[in-house]
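This report covers strands, pockets, cysteines and backbone outliers. Look at the model first, then read on.

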Amino acid sequence: MKPLLIYCYDAYCGWCYGFSPVMKTLAIDFRSICQFEVLSGGMILPDKPVHISVTAEYIARAYPTVEISTGVKFGEDYLWHIRNPAESDWFPNSEKPAIALCVLKEIFPDRQVEIASGLQYALHFEGRDLTDDEAYRQLIKDFEVDEFEFYQKLRSEEYKAKAYEEFELVKRFQVNGYPTLMMQADETKFYLITRGYTNYEATRDVIDKVLITLTSKYR
């Protein structure tokens, strides 16, 4: 069994958006050595809808730091909502993108990192409201998924339950920040690779060291 790299993220996490290029490169470079699993953490799950105006000021201060540190760019359609919160109709919630991830990764288990990246691009660059079913139409077209099947599952209680199971699993992993990347060596042994944004070189270095440890252990 290949070691499993577990990526705990949230579709609404700006630093995860910045980490997406790192994860996509890792998924290519380690595809023959490791398996990859993406788990949604449920970063924004309010009991009652909370308008974007509550966090817009913080995001406006933070996103330039993410751009400088990671090299990603936030799209103008996304930033319009951050700069004009009084005019925005956004009420961020992590539930629906988590359900969408569950649906799509069941169809494409080997493309989980790509799916998560696509969800984040849809939000942070294209400015799509991930609480709106229409936000996923281009993504399912890109992945050539049957539209009727996707939306049937997106609206189902079954896949909503799967998403909440992921939220609970991330809690059991004691993840308290995103992005977090771990490696599972066996049923009980986990290694922390990164917590928070880390560039590709540093992340790869940690993975290489863990793999060397595992190779020595099981040789």
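A pocket here is an open set of grid points with protein on both sides within 12 Å along at least five of seven lines. Its volume is the space filled by probe spheres set on the points. The model is predicted. On these terms, the second largest pocket has a volume of about 380 Å³. Of its 17 lining residues, the closest to the centre are Phe36, Pro109, Asp110, Arg111 and Gln112.

**Pockets and cavity**

The largest pocket holds about 450 Å³ of space. It is lined by 23 residues, and those closest to its centre are Tyr12, Met43, Ile44, Tyr58 and Ile59. Which element gives the largest share of this lining? Helix 2 does, with 7 residues. At least two lining residues each come from helix 1, helix 2 (53-70) and helix 5.

For the second largest pocket, helix 1, strand 2 and helix 5 each supply at least two lining residues.

There is also 1 cavity of 30 Å³ or more. The space in the largest cavity is about 30 Å³. Its lining consists of Tyr7, Tyr9, Ser20, Met23, Val113, Ala116, Ser117 and Gln120. Strand 1 (4-9), helix 1 and helix 5 (112-124) are the elements that give two or more residues to that lining. Helix 5 gives the most, with 4 residues.

The table sets out the make-up of the three linings.

| Space | Nonpolar | Polar | Charged |
|---|---|---|---|
| Largest pocket | 19 residues | 4 residues | no residues |
| Second largest pocket | 8 residues | 2 residues | 7 residues |
| Largest cavity | 5 residues | 3 residues | no residues |

Charge is one point to read from the table. The lining of the largest pocket has no charged residues. The lining of the second largest pocket has 7.

**Strand 1 and its partners**

Is strand 1 mostly covered or mostly open? It is mostly covered, with 6 of its 6 residues buried. Leu4, Ile6 and Cys8 point one way from the strand, while Leu5, Tyr7 and Tyr9 point the other way. Both sets are buried. Of these residues, Tyr7 and Tyr9 are also among those that line the largest cavity.

Strand 1 pairs with two strands. Strand 2 (residues 35-40) runs parallel to strand 1, and 6 bridges join them. Within this pairing, Ile6 stands opposite Glu37 in strand 2. The chain passes from strand 1 through helix 1 to strand 2, and this β-α-β crossover is right-handed.

Strand 3 (residues 180-184) runs antiparallel to strand 1, and 5 bridges join these two. Here the bridge partner of Tyr7 is Leu181.

Helix 1 (residues 14-29) includes Pro21. Pro21 is partly exposed, with a relative accessible area of 39%. Pro21 and Asp10 are 11 residues apart in sequence, and their C-alpha atoms are 15 Å apart in space.

**Cysteines**

A disulfide is a covalent bond between the sulfur atoms of two cysteines. The cut-off used here is a sulfur pair within 2.5 Å. By this rule the count is 0 disulfides. Cys8 is in no disulfide, and its nearest cysteine sulfur, in Cys16, is 9.4 Å away. Why is Cys102 not bonded to Cys8? The sulfur of Cys8 is the closest cysteine sulfur to that of Cys102, but at 13 Å it is too far for a bond. Cys8 is buried, with a relative accessible area of 0%. Cys102 also counts as buried, at 5% relative accessibility.

**Backbone outliers**

Most residues other than glycine have a negative phi, and most peptide bonds are trans. Three sites depart from this pattern.

The peptide bond from Tyr178 to Pro179 is cis, with omega near 0 degrees. Pro179 sits in the loop between helix 8 (157-172) and strand 3.

Gln174 is found in the loop between helix 8 and strand 3. Gln174 is not a glycine, yet its phi is positive, about 60 degrees. Is Gln174 buried or exposed? Gln174 is exposed, with a relative accessible area of 65%.

Glu144 lies in the loop between helix 6 (137-142) and helix 7 (147-154). Glu144 has a positive phi of about 55 degrees and is not a glycine either. With a relative accessible area of 74%, Glu144 is exposed.

Definitions and conventions. Residues are numbered from 1 along each chain as its sequence is written. This is a predicted model: local features need pLDDT of at least 70, side-chain atom pairs count only at pLDDT 80 or more; totals for chains, interfaces and linings use all residues. Side-chain values use heavy atoms; hydrogens and water are left out. Buried means under 20% relative accessible area, exposed over 50%, partly exposed in between (1.4 Å probe, protein chains only). On a 1 Å grid over the protein atoms alone, a cavity is a set of points where a 1.4 Å probe fits but cannot get out, and a pocket is an open set with protein on both sides within 12 Å along at least five of seven lines; lining residues have an atom within 4 Å of a point. Ala, Val, Leu, Ile, Met, Phe, Trp, Tyr, Cys and Pro count as nonpolar, Asp, Glu, Lys and Arg as charged, and the others, Gly among them, as polar. Two strands pair if DSSP finds at least two bridges between them. A crossover is right-handed if, with the strands pointing away from the viewer, the path from the first strand over the helix to the second runs clockwise.
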